[in-house]
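Student: I should like to learn how the features of a structure are read. May we work through one together?

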Amino acid sequence: MSAKSVQGPGGKQPASAATNLIAGGGAGMMEALACHPLDTIKVRMQLSRRARAPGAPKRGFIKTGAEIVKRETPLGLYKGLGAVLTGIVPKMAIRFTSYEWYKQLLADKDGKVSSQSTFLAGLAAGVTEAVAVVTPMEVVKIRLQAQHHSMADPLDIPKYRNAAHALYTVVREEGFGALYRGVSLTALRQGSNQAVNFTAYSQFRDMLQRYQGKTDLPSYQTMFIGLISGAMGPLSNAPIDTIKTRLQKTPAEPGQSAVQRIVNISRDMWKQEGSRSFYKGITPRIMRVAPGQAVTFTVYEFLKGVLEKGRDMLPGGQYEE
């Protein structure tokens with residue numbers, strides 16, 4: 001496996017925490033605004049408990065999306081967006097900053113980072129963001145997305161009115177620990193996602209840089225390799241994501257541990273809905289995550305380039321934190 005310098009392309013120092021906060025946050029916001037409707041469709045498909053009768057037409061993501069729009073208006077596709085936007089800046093800042101930090105920890109004495117170390121750094125970054133931000137954000141988001149109510153009807157009052165109200169209600173009724181329901185599955189999903197994502201993206205980027213003999217890639221190339229690498233994660237961990245969604249949707253049952261609930265959910269899915277139920281929502285998830293990663297990496301690389309160009313113009317050319 002190839003090894004890469006921890007200093008990054010052209011021997012530059014890793015991006016600072018401030019750069020990751022601004023570039024990562026901006027990239028995350030663009031990704032959320034562009035792709036959130038597909039995430040809502042994915043969640044609804046994963047929560048659907050209808051086993052398809054023999055000969056019955058498949059209920060795909062287009063039909064699911066059309067039903068949401070018909071019954072709940074187009075705004076229904078953006079349920080839970082507030083929770084996502086609230087957490088997206090710290091999530092992306094933590095993802096990119098911790099990834100760079102873990103890469104430096106795993107670098108050899110010459111400052112080189114192997115592909116295996118890149119994989120481990122991505123895995124650790126995914127687990128870090130899952131524990132710090134993603135799990136509470138997902139619990140709130142899924143509670144909002146799971147509500148079947150019309151946002152155009154003022155008399156149709158849902159249990160959770162917005163992200164802040166959902167957060168308050170969940171903590172009041174179920175305790176603070178409810179925000180971390182499914183944290184192990186979320187960490188496993190985020191860890192495997194980012195391990196695959198960063199490794200594939202880094203390999204594709206290095207190949208293009210070596211082939212073209214330049215460190216700065218045009219945006220269309222960054223978008224393309226982000227799209228390809230982004231599709232790999234969902235394919236590798238779809239069952240984990242489906243079980244996690246169902247776990248986080250409902251309150252805990254007294255006397256049941258998290259492991260028991262995961263086992264029960266998995267067993268019921270297998271018995272009642274078959275093996276295909278573990279891959280419910282895989283199409284909108286790939287359609288959401290792959291272009292989402294394309295947008296994330298493209299905007300991140302662009303904003304990072306702008307910020308670092310400005311930093312290079314500081315007196316003495318110092319790279320400051």
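**Reading the model**

Tutor: Let us begin with one pair: the side chains of Glu174 and Arg181 make a polar contact of 3.1 Å. A polar contact is a pair of N or O atoms within 3.5 Å; within protein, one must be able to donate a hydrogen and the other to accept it, and residues adjacent in sequence count only if both atoms are side-chain atoms. This is a predicted model, in which local features need pLDDT of at least 70 and side-chain atom pairs count only at pLDDT 80 or more, while totals for chains, interfaces and linings use all residues. Residues are numbered from 1 along each chain as its sequence is written, and side-chain values use heavy atoms, with hydrogens and water left out.

Student: Which side chain, besides that of Arg181, does Glu174 join by a polar contact of 2.9 Å?

Tutor: That partner is Arg143. Glu174 itself lies in helix H5; helices (H or I, at least four residues) and strands (E, at least two) are DSSP runs, numbered from the N terminus.

Student: Is Arg181 buried or exposed?

Tutor: Buried means under 20% relative accessible area, exposed over 50%, and partly exposed in between (1.4 Å probe, protein chains only). Arg181 counts as buried because its relative accessibility is 12%, whereas Glu174, at 22%, is partly exposed. Arg181 is placed in the loop between helix H5 (163-174) and H6. Contact means heavy atoms within 4.5 Å; leaving aside neighbours within four places in sequence, the contacts of Arg181 include Thr135, Leu247, Pro251 and Arg261.

Student: How is the length of a helix checked?

Tutor: The expected span is 1.5 Å times one less than the number of residues. Helix H6 has 30 residues (183-212) and should therefore span 44 Å; its end C-alpha atoms are 42 Å apart, which agrees. Just after H6, Gly213 takes a positive phi of about 70°.

Student: Which residue has a positive phi although it is not a glycine?

Tutor: Most residues other than glycine have a negative phi. Thr73 has a positive phi of about 70°. Thr73 is found in the loop between helix H2 (61-72) and H3, and counts as buried because its relative accessibility is 18%.

Student: Where is Lys244, and what surrounds it?

Tutor: Lys244 is in helix H7 and, at 0% relative accessibility, counts as buried. Leaving aside neighbours within four places in sequence, Lys244 is in contact with Glu138, Ile142, Gly182, Leu185, Thr186 and Arg189. Gly182 is 62 residues away along the chain, yet the two C-alpha atoms are separated by 5.8 Å. The side chain of Lys244 also makes a polar contact of 2.8 Å with that of Gln248.

Student: How many cavities of 30 Å³ or more are there?

Tutor: On a 1 Å grid over the protein atoms alone, a cavity is a set of points where a 1.4 Å probe fits but cannot get out; lining residues have an atom within 4 Å of a point. Grid points are joined across faces, edges and corners, and a volume is the space filled by probe spheres set on the points. The count is 1, and the largest cavity has a volume of about 330 Å³. Its lining has 24 residues, with Lys91, Arg189, Gln190, Arg288 and Val289 nearest the centre of the cavity.

Student: And the protein overall?

Tutor: There are 9 helices and 2 strands, and buried residues make up 50% of the 321 residues.

Key: On a 1 Å grid over the protein atoms alone, a cavity is a set of points where a 1.4 Å probe fits but cannot get out, and a pocket is an open set with protein on both sides within 12 Å along at least five of seven lines; lining residues have an atom within 4 Å of a point.
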